[in-house]
Structures are given as structure tokens and as C-alpha cells.
Amino acid sequence: MVTASWPTVSPMGAEEKFGRGADEWLSGLGLVRDAVRQELVHRQLLAHLPQVEGPLRVLDAGCGQGTQAIALARLGHEVVGLDVSGKLLHEARRSAAEEPTTVRRRLCFVSGDLLALGDEHTGSYDVVCCHGVAMYLPSLDEAIAALCATCRPDGLLSVLTRNRAGIAMRAGMTGDWVGAIEAFDARHYRNRLGIEAVRADEPEEVQAALTGRGAYAVAWYGVRLFTDHWGPERPGPGFAELLAAEEEAGRRDPYRSLAALTHTIARLNGRANGH
Ligand SMILES: C[S@@+](CC[C@H](N)C(=O)[O-])C[C@H]1O[C@@H](n2cnc3c(N)ncnc32)[C@H](O)[C@@H]1O
């Protein structure tokens, strides 16, 4: 397991920004919207994970409550979950404690800012995940640069970002016509957690940021199209079919372009990071 040191410096802005919505985020876990997001991200990532003998070294940057980190550890991988929020890390550790010892031993949840990782983390991970974090950070490019720096050459990146086109979609689907009209040209919006000025990026912008840092997108998916505007419904009968429909929409045009979130899978060039 990784023993490197972790920066505990709190990023002014990032933690502050998400922290205001942390309780609301926690109360939404397990609802249909969260279940669709987590299950699709997991399935989409799984399709690209290298089939190797032995565990992959994974960094889940901004791991939150640890859903994806734990799912990857269950598959046999060694996962570091990094987050700035003590509250979310507490949840992640609580969930990890319920796992069998073999899974628990492969998990390490640490406090730190993904934008302030030291040189000792450069090129350290086979897989770097960052799901639902970049929209709270000041710059997409800075976030992508930090993630690429921790990835080993030829390693995999899995980045979930807010999709710009999804802002007007959600407003329109809820009958908020004024909001929809404003959203067509918006870059920022007030999200469902009540956080103001959350940034949304276009899939092409994420791909360009990756290219600028020595990585290339191997695939991109939409996440949550049909259910993005839903309320606090819990998964019930028919959820498997709902997931199958969301999964299909997420992988094909034009539907994926209108989903709430964009999941980009990228590979770091073999010679990136000075290797
Ligand atoms: C919306 S939650 C997503 C949690 C998890 N990745 C998921 O998809 O379920 C965003 C997480 O990013 C974390 N975060 C925000 N800025 C961060 C930073 N600079 N470094 C590390 N974590 C950060 C927050 O504390 C929060 O746990």
C-alpha cells in the first residue's frame, strides 16, 4: 500500500465550495440519481481497465464517500482514496470497515488536496480516477494537469465532469423555462446541492485539456440523461432496465452529448511526465 506523504493543506475555494453541499450530497447517496451515476461510471471504467495479473495501483482523487474506491478494491486493486473533506473521508472509512479484511487491506483513505500533491506522487498510479470534482475546482486545465502528473506513462485516467449542455436539459425537464433559456449560454450554474457558480465543461474541452497534458481520450460517455431531473426516488422494480437504458444512452450519439455528466477515459502517453 502507498506510504507517500499527503498534503493536508486545504485548498481555499475547492473544499469550501463543495463543503457547503456535503450534507445534501450525503443525503442523496443511494437514490436513483446517485445509483445511476455510480453504476454507470463503474461499468464504463471497467470496460477499459487493463487485464493484468496482480493488482493495479489506483488513485481516486476526490473519492468522497468512497463508492468507486471500494468497488475497485473489491476487484482486487490497491486503491488510495484522497479527499479534502474530513466528513466524506469519515463516511468512506466507515463503509470500508464493513468490507471483508481482504478488501479493507487494499484500501487507504487519506486527507489531501489533489491540486497540491508533491513530486513523490509523480507517475505513481496505473489508474487515476477523478469523479465529480473538477466542477468545483477553479480551472479544468489545472485539475487535469494535476491528475496527469500522478499517472504513470501508459496509465489510465477516468474523469467525470459536469456537461455544459446538461444544464439547460435539466432546467427544461423540470419546467424551469426561464432557467433553461439562461442556461443555453451559461458556463456556471447553481447545482442541486445548493452550491453556486459550479462550472460545467464541454466534452471537447475535457479532451483538449487532456491532450494538452500528454494524454488522449480513448472513449467518452454520457452519465445520467433520462433521470437527471428526478427527485428523491429510490431504486425499485425496473431499475435494471432503467440502468440499461441509461447505459445505452450514455454510449451513443446524440444522447450522450445531453447527459448531466461526461465520463472521459484517457490514456497518458508513454513518454509523458518526463519518462
Ligand atoms: C461530488 S463529490 C464526489 C465524490 C466521489 N468522487 C463520487 O463520485 O461519488 C466531490 C468530492 O470532491 C472533493 N474535493 C473537492 N475539491 C478537492 C480537492 N482539491 N482535492 C481533493 N478532493 C476534493 C470533495 O470533498 C468531495 O468529496
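Which residues does L157 touch, not counting residues up to four places away in sequence? That was my way into this predicted model.

**Entry 1: L157 and the cores**

I listed the partners of L157 and got V128, L147, C148, C151, L210, A215, T264, I265, A266 and L268, leaving out residues up to four places away in sequence.

Next I looked up the largest nonpolar core, which has 29 residues. L157 is one of the members that touch the most other members, along with L59, L114, L147 and L210. I then checked which elements give two or more residues to this core: β1 (57-61), β2 (78-83), β3 (107-111), β4 (125-131), α7 (140-150), β5, α10 (203-212) and β9 (261-268). The largest share comes from α7, with six residues.

Apart from that core I found another, of 26 residues. V36, L40, L160 and I167 are among them.

**Entry 2: helix α8**

I167 sent me to α8, residues 165-173, where I167 is one of the buried residues. The others on that list are G166, A168, R170, A171 and G172. What do the buried residues of α8 pack against? I noted α3 (32-46), β5 (151-162), α9 (177-183) and β6.

I also looked just past the helix. G175 follows α8, and its phi is positive, near 80°.

**Entry 3: α3 against α4**

Since α3 had come up as a packing partner of α8, I turned to how α3 meets helix α4, residues 67-74. Their axes come within 10 Å and cross at roughly 45°, so I put α3 down as oblique to α4. The crossing is right-handed.

Who makes the contact, I wondered. On the α3 side I wrote down Q38, V41, H42 and L45, and on the α4 side T67, Q68, A71 and L72. How do the residues of this contact divide into nonpolar, polar and charged? I got four nonpolar, four polar and no charged.

The spacing within each helix made me recall a general point: an α-helix has 3.6 residues a turn, so residues three or four places apart point the same way.

**Entry 4: I195 in a loop**

Last, I picked a residue outside the helices. I195 sits in the loop between β6 (188-189) and β7 (198-199). Is I195 buried or exposed? I195 has a relative accessible area of 1%, so I noted it as buried.

What is I195 in contact with, leaving aside its neighbours within four places in sequence? My list reads K17, F18, G21, Y136, Y189 and R190. I also checked I195 against G19: they are 176 residues apart in sequence, yet 9.1 Å apart in space, C-alpha to C-alpha.

How values were computed: Residues numbered from 1 in each chain as written. Predicted model: local features only at pLDDT ≥ 70, side-chain atom pairs only at ≥ 80, totals over all residues. Heavy atoms only, no water. Helix = DSSP H or I, 4+ residues; strand = E, 2+ residues; numbered from the N terminus. Buried < 20%, exposed > 50% of the residue type's maximum accessible area, 1.4 Å probe, protein only. Contact = heavy atoms within 4.5 Å. Axes fitted to C-alpha atoms, helices over the stretch in contact; angles between N-to-C directions. Parallel < 35°, antiparallel > 145°, perpendicular 65-115°, else oblique. Left-handed = near helix turned anticlockwise from the far one by under 90°. Nonpolar A, V, L, I, M, F, W, Y, C, P; charged D, E, K, R; others polar. Core = buried A, V, L, I, M, F, W, Y, C linked by side-chain atoms within 4.5 Å.
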